[in-house]
Amino acid sequence: EASKVIGDRAERQAKDFLIANGLVFVSQNYRCKQGEIDLIFRDGDTWVFVEVKYRSQIAHGTPEEFFTSIKQRRVLSAVKLFLLDNQLNEFHMSIRIDVIAIQGDALKWFKNVTG
């Protein structure tokens, strides 16, 4: 399926980019019934949960515009479950959610999108 191949390529590009920027790769495609986390990294003491958004062109909006509040809630729910699954206490650790927006060949990194 074309979209799966494109999605995998976008995730690989995002993963390589973040590793090149000093983040330590932990896991990929964590799935639960609440949703999915594309990429999981450590940035020093901070756990970073990354949503990868890809668009070939912007006729229908920029990739980051597709990270809606509903999608944010799903990712946050998945993050909470990931932490539980891994016996990590969200109140005793630093976490952040980033978006990697890839549009054609351009990549943008949005840190801490949920504030």
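**View 1. Burial and exposed surface of the chain.** In this predicted model, 32% of the 115 residues of the chain count as buried. The surface that the chain exposes amounts to about 6800 Å², and carbon and sulfur atoms supply 50% of that area. The chain carries 16 positive and 15 negative side chains. The centres of these two sets of charges lie 3 Å apart.

**View 2. Secondary structure and overall dimensions.** Two helices and five strands make up the elements of the chain. Their order along the sequence follows the pattern α-β-β-β-α-β-β. The radius of gyration is 14 Å, close to the 13 Å given by the globule rule for 115 residues, so the chain is as compact as a globular protein of that length. The C-alpha trace spans about 40 × 30 × 30 Å along its principal axes. When contacts between residues at least 6 apart in sequence are considered, 51% of them join residues at least 24 apart.

**View 3. The largest nonpolar core.** This core contains 14 residues. Among its members, Ile37, Ile40, Phe49, Val79 and Phe82 touch the most other members. Two or more residues come from each of the strands β2 (35–43), β3 (46–55) and β4 (94–103), and likewise from helix α2 (69–85). Helix α2 makes the greatest contribution to this core, giving five residues.

**View 4. The surroundings of Phe49.** Neighbours within four places in sequence are left aside in this view. Phe49 is then in contact with the nonpolar core members Ile37, Ile40, Val79 and Phe82. The contacts of Phe49 also include Leu39, Leu83, Ile95 and Ile97. Two further residues in contact with Phe49 are Arg96 and Asp98.

**View 5. A second nonpolar core.** Separate from the largest core, a second core comprises eleven residues. Ala14, Leu39, Ile100 and Ile102 are among them. Leu39 of this second core is also in contact with Phe49, a residue of the largest core.

**View 6. Ala2 in the first helix.** Ala2 belongs to helix α1, which covers residues 2–20. The relative accessibility of Ala2 is 55%, and residues over 50% are classed as exposed, so Ala2 counts as exposed. Ala2 and Cys32 are separated by 30 residues in sequence. In space, the distance between Ala2 and Cys32 is 24 Å, C-alpha to C-alpha.

Conventions:
Residues are numbered from 1 along each chain as its sequence is written. This is a predicted model: local features need pLDDT of at least 70, side-chain atom pairs count only at pLDDT 80 or more; totals for chains, interfaces and linings use all residues. Side-chain values use heavy atoms; hydrogens and water are left out. Helices (H or I, at least four residues) and strands (E, at least two) are DSSP runs, numbered from the N terminus. The radius of gyration is taken over C-alpha atoms; the globule rule is 2.2 Å times the number of residues to the power 0.38. Buried means under 20% relative accessible area, exposed over 50%, partly exposed in between (1.4 Å probe, protein chains only). Contact means heavy atoms within 4.5 Å. Accessible areas come from the Shrake-Rupley method with a 1.4 Å probe; for residues, only the protein chains shown count as cover. Lys and Arg count as positive and Asp and Glu as negative; His and the chain ends are not counted. The place of a charge is taken as NZ of Lys, CZ of Arg, CG of Asp or CD of Glu. A nonpolar core is a set of buried Ala, Val, Leu, Ile, Met, Phe, Trp, Tyr and Cys residues joined through side-chain atoms within 4.5 Å.
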